[in-house]
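These are my notebook entries on a structure that I went through step by step. I wrote down what I looked up and what I found.

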Amino acid sequence: MDGIDGRVRNAVDVWLRWLPRWQIGTARPRTRICRRCTGSPIAAAAGFGPDVPHPVQHALIGRMSAIVEDAVDDYTAKNLPLLQRELERAAARKRRSGYQPAEGLSPEFQGLDIDPQPEPGEPFLFTLGELAGTGADAQEPREPLSDEAKAALRHEIELSDEA
Ligand SMILES: [Zn+2]
């Protein structure tokens with residue numbers, strides 16, 4: 001496995017190769033603020049100013065965020081077993097939750113609106129948002145956590161916040 005430095009370099013290379021293929025005409029204007037990019041320390045570190053189009057920023061910030069999230073996952077798996085188990089349970093529930101249009105997209109598209117803005121008077125036949133959850137398996141009810149387990153989990157979450 002590459003170190004974080006190697007992964008960051010690689011992600012920047014991929015982004016630089018993608019950049020010339022991006023065209024301003026292909027970008028729809030956003031009407032909502034992007035939670036991933038707004039105020040992102042990655043945007044500041046990359047030196048993006050307000051003149052850099054959002055899709056260009058989003059593509060790099062998405063790739064960098066994925067590396068950070070993987071590092072957090074690694075840390076959690078190694079050091080925070082209870083939290084890890086809760087995350088695995090949540091992931092298992094998600095796998096049974098049917099079609100999820102926002103899952104598994106390449107970084108350029110993650111965290112963006114899944115459907116375009118409808119034109120006034122021209123409603124869509126269907127939207128991907130409406131299809132979310134189709135084909136879901138029945139979910140097993142969550143087993144409740146004991147008070148001890150809750151306290152231990154809270155402790156691990158505090159540790160993870162400090163890490
Ligand atoms: Zn964004």
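**Entry 1: a buried pair.** I looked up arginine 63 in this predicted model and found a relative accessible area of 16%. Buried means under 20%, so arginine 63 counts as buried. I then asked which residue forms a salt bridge with arginine 63. The partner is glutamate 108, and the closest N and O atoms of the two are 2.5 Å apart. Arginine 63 belongs to helix 3, whereas glutamate 108 sits in the loop between helix 4 and helix 5 (128–131). The two residues are 45 residues apart, and the pair thus links distant parts of the chain. I checked glutamate 108 as well: its relative accessibility is 12%, so this residue is also counted as buried.

**Entry 2: the other salt bridges I noted.** How many salt bridges does a search of the whole structure find? The search gives five. One of them joins the side chains of glutamate 69 and arginine 36, at 3.9 Å from N to O. Glutamate 69 is in helix 3 (residues 54–79), and arginine 36 is in the loop between helix 1 (4–18) and helix 2 (41–46). With their positions 33 residues apart in the numbering, this pair too links distant parts of the chain. I recorded 41% relative accessible area for glutamate 69, which makes it partly exposed. Arginine 36 is likewise partly exposed, at 26%.

I also noted the salt bridge of lysine 94 with glutamate 103, where the closest N and O atoms are 3.4 Å apart. Lysine 94 has a relative accessibility of 46% and counts as partly exposed. Glutamate 103, at 43%, is partly exposed.

**Entry 3: cysteines.** I looked up the number of disulfides, and a search of the whole structure finds zero. I examined two cysteines for burial. Cysteine 34 is buried, with 4% relative accessibility. Cysteine 37 is buried at 8%.

**Entry 4: helix 4 against helix 6.** Two packed helices are described by the angle between their axes and the distance between the axes. I therefore looked up both values for helix 4 (residues 81–95) and helix 6 (residues 147–162): the angle is about 100 degrees and the axes are 8 Å apart. Angles of 65 to 115 degrees count as roughly perpendicular, so helix 4 is roughly perpendicular to helix 6.

Which residues make the contact? Helix 4 contributes Pro81, Leu82, Leu83 and Glu86, and helix 6 contributes Ala152, Leu153, Glu156, Ile157 and Ser160. By class, I recorded six nonpolar, one polar and two charged residues in this contact.

**Entry 5: two residues of helix 4.** I asked whether glutamate 86 is buried or exposed. Its relative accessibility is 12%, so glutamate 86 counts as buried. This residue lies in helix 4. With its neighbours within four places in sequence left aside, glutamate 86 is in contact with Arg142, Leu145 and Leu153. Leu153 is also listed among the residues of helix 6 in the contact of Entry 4.

Leucine 87 is placed in helix 4 as well. I found a relative accessible area of 43% for leucine 87, and it is therefore partly exposed. Last, I looked up the separation of leucine 87 from aspartate 73, which lies 14 residues away along the chain. Their C-alpha atoms are separated by 9.4 Å.

How values were computed: Residues numbered from 1 in each chain as written. Predicted model: local features only at pLDDT ≥ 70, side-chain atom pairs only at ≥ 80, totals over all residues. Heavy atoms only, no water. Axes fitted to C-alpha atoms, helices over the stretch in contact; angles between N-to-C directions. Parallel < 35°, antiparallel > 145°, perpendicular 65-115°, else oblique. Contact = heavy atoms within 4.5 Å. Nonpolar A, V, L, I, M, F, W, Y, C, P; charged D, E, K, R; others polar. Salt bridge = Lys/Arg side-chain N within 4 Å of Asp/Glu carboxyl O. Buried < 20%, exposed > 50% of the residue type's maximum accessible area, 1.4 Å probe, protein only. Disulfide = S-S within 2.5 Å.
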